Amino acid sequence: MGSSSRKPRGFSAPPLFVVLAGVGAVFFVLPLAGLLVRTPWRSAWQLLTSPEAITALGLSLVASLSATAIAVVLGVPLAWTFARVAFPGRALLRALTVLPMVLPPVVGGVALLTAFGRRGLLGGWLEQAFGIHLPFTTAGAVLAETFVAMPFLVITVEAGLRGMDLRFEDAARTLGARRWTVTWRVTLPLVRPSLIAGAVLCWARALGEFGATITFAGNFPGRTQTMPLAVYLALQTNPDAAIVLSLVLLAVSLVVLIGLRDRWLGAS
Amino acid sequence: MKVRILSAFVAAALLLAGCGGTSQTAGPSAGALSGSITVFAASSLTAAFGTIGGDFQKAYPGTTVDFSFAGSSTLVAQIQQGAIGDIFASADQPNMQKLVNAGLTSGSPSIFARNKLQIVVPAGNPKHVSGLADLGRSGLIVVLCAPSVPCGRYAAQALQKANVMVKPASEESDVKAVLTKVALGEADAGIVYVTDVKAAGAQVKGIDIPDALNVIADYPIVVLKDSQNIALARAFIGYLHANGLKTLARYGFLLA
């Protein structure tokens, strides 16, 4: 087997692996096929262009893109700190920032309420000092999505930074570049693939966010009712609409993930 | 590597979570009744049915009653999508009617309890809400159930009778979510069932809605067509009508 490891197309894969891989693939494809089969194609366009659907889609795009922008601004420095700065408690802090990936999102929503809610650690002060009230607002929905999605960006960028050849930075510094210049002109361009991959994953996760959003920001059309929330509520009254809306979410995510894969997510 | 372990962990957790279906435990039985049933019940029944289920299991050793609580419309959607269970208890007639019309029930539903609405405010009533008319005040953060959920439809009816226009901050997917937002102090007021206010205890305060403006909600219950244990399902409903009413009253329900 060892000598054939360079062979392309992997004809030498163990049969058991092929079978298991097949089961794994079916496991992912079948639910999507189910959605497609159940899609009411005739009324699909009408359901899609209903004011409710357009409002939810628009809000979802605005909120998920805003969440991604915030995640890039805050997450890149965080990833850089984790990759480059040794400080006591780094492992713990790193674990805490990745926690939202495994935390049930509803728990994340409750945690956000205890921090940014009206009676929360920071929320009470925010409201008194600035009149800022996050729950039940679009800003609150963005906050919830950022909380759940940013870890995807942080770990991707951190991995990129760790895998980087440090000699480029050293060379730049030896040539007299200042710290900010090195970061801006050398480090960031070198981790660009990881940064883009991380941002895309983060955006896709934000787009699908449900639990933290409905718990922290509530559900109101045009303000906090993003696509996943609209799907959930439509499922109770209008399953056809729910399926069509799900399909749109799926299609948008799939197009972006496939489109970016070859350019940035694939092996170099 | 860490990421890979993490994602394996997530996958395992998801798999486990998906496996919590109904299990027909055929335990040794003292009487004719044995096995287990799953009851799909409206969120507002959570506390009362929990108690009645425990009492039933004590009265019929060897039987197990599992509950799945959610908004009535969510439960109807789940049953229509093929969720396996034995009994459905709804917080309103229209949701029950949907299942009856879809031919998913066995026998006709019976009404076992009634409920009515109450305004709920955080303990201490910081915004001095005294009635439905106050809910229209600007600056007051009001949270209601979504119009598709029974409590949302009832709330809309009551507000219409009182001729009050409310701009809710959020339309929650079930009654417990409204209660949580008020109990946490995020919302200044909400409209829920009397029984929810009672169950929430000291965290919240209930403000009565006069009967002329209030809405009475009927709670129907029925055996599902695909029940795997019709005998036990019928026995539970019989027990509910005979012995469960006292418990329901204790939790604030009006008797049918």
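Which residues does B:Ile87 touch, not counting residues up to four places away in sequence? Keep that question in mind for Exercise 3.

**Before you start.** This is a predicted model, in which local features need pLDDT of at least 70, side-chain atom pairs count only at pLDDT 80 or more, and totals for chains, interfaces and linings use all residues. Residues are numbered from 1 along each chain as its sequence is written, while chains are lettered from A and ligands numbered from 1 in the order in which they are written.

**Exercise 1. Describe the make-up of chain A.**

Step 1: Look at the elements. Chain A holds 13 helices and zero strands. Helices (H or I, at least four residues) and strands (E, at least two) are DSSP runs, numbered from the N terminus.

Step 2: Look at the extent. The C-alpha trace of chain A spans about 65 × 65 × 30 Å along its principal axes.

Step 3: Look at burial. Of the 268 residues in chain A, 35% are buried. A residue is buried if 20 or more other C-beta atoms lie within 10 Å of its own, exposed if 12 or fewer, and partly exposed in between, with C-beta atoms placed from the backbone.

Step 4: Look at contacts. Taking contacts in chain A between residues at least 6 apart in sequence, 76% join residues at least 24 apart. Two residues are in contact if their C-beta atoms, placed from the backbone, lie within 7 Å.

**Exercise 2. Work out what chain B brings to its meeting with chain A.**

Step 1: Count the residues. In this interface, 21 residues of chain B are in contact with 20 residues of chain A.

Step 2: Find the elements. Those giving two or more residues to chain B's side are α1 (2-18), α3 (72-80) and β6 (170-172) of chain B. The most come from α1(B), with four residues.

Step 3: Sort by type. Chain B's side divides into 11 nonpolar, six polar and four charged residues. Here Ala, Val, Leu, Ile, Met, Phe, Trp, Tyr, Cys and Pro count as nonpolar, Asp, Glu, Lys and Arg as charged, and the others, Gly among them, as polar.

Step 4: Look again at α3(B). Seven of its nine residues are buried, so α3(B) is largely enclosed by the rest of the structure. Among the buried ones are B:Ser72, B:Leu75 and B:Ile79. Just after α3(B), B:Gly82 takes a positive phi of about 105°.

**Exercise 3. Locate the largest nonpolar core and answer the opening question.**

Step 1: Recall the idea. A nonpolar core is a set of buried Ala, Val, Leu, Ile, Met, Phe, Trp, Tyr and Cys residues joined through C-beta atoms within 7 Å.

Step 2: Find its centre of contacts. The largest nonpolar core has 135 residues, and those with the most contacts inside it are A:Cys202, A:Leu245 and B:Ile87. Helix α7 (residues 138-162) of chain A supplies the largest share of this core, 14 residues.

Step 3: Relate the core to the domains. Domain 1 (36-114 + 218-255) and domain 2 (116-216) of chain B both give residues to this core, so the core lies between them. These domain bounds come from an automatic or database domain assignment.

Step 4: List the neighbours. B:Ile87 touches B:Ile37, B:Val39, B:Phe40, B:Ile221, B:Val223, B:Leu224, B:Ala233, B:Phe236 and B:Ile237, not counting residues up to four places away in sequence.

**Exercise 4. Place strand β5 of chain B among its neighbours.**

Step 1: Check both faces. In β5 (residues 142-145) of chain B, B:Val142 and B:Leu144 are buried on one side, and B:Val143 and B:Cys145 are buried on the other.

Step 2: Find the partners. Two bridges join β5(B) to strand β7 (residues 189-193) of chain B, running parallel, and three bridges join β5(B) to β6(B), also parallel. Two strands pair if DSSP finds at least two bridges between them.

Step 3: Follow one residue. B:Val143 stands opposite B:Gly190 in β7(B), and its bridge partner in β6(B) is B:Ser170.

Step 4: Add the helix. β5(B), helix α5 (residues 150-161) of chain B and β6(B) make a right-handed β-α-β unit. A crossover is right-handed if, with the strands pointing away from the viewer, the path from the first strand over the helix to the second runs clockwise.
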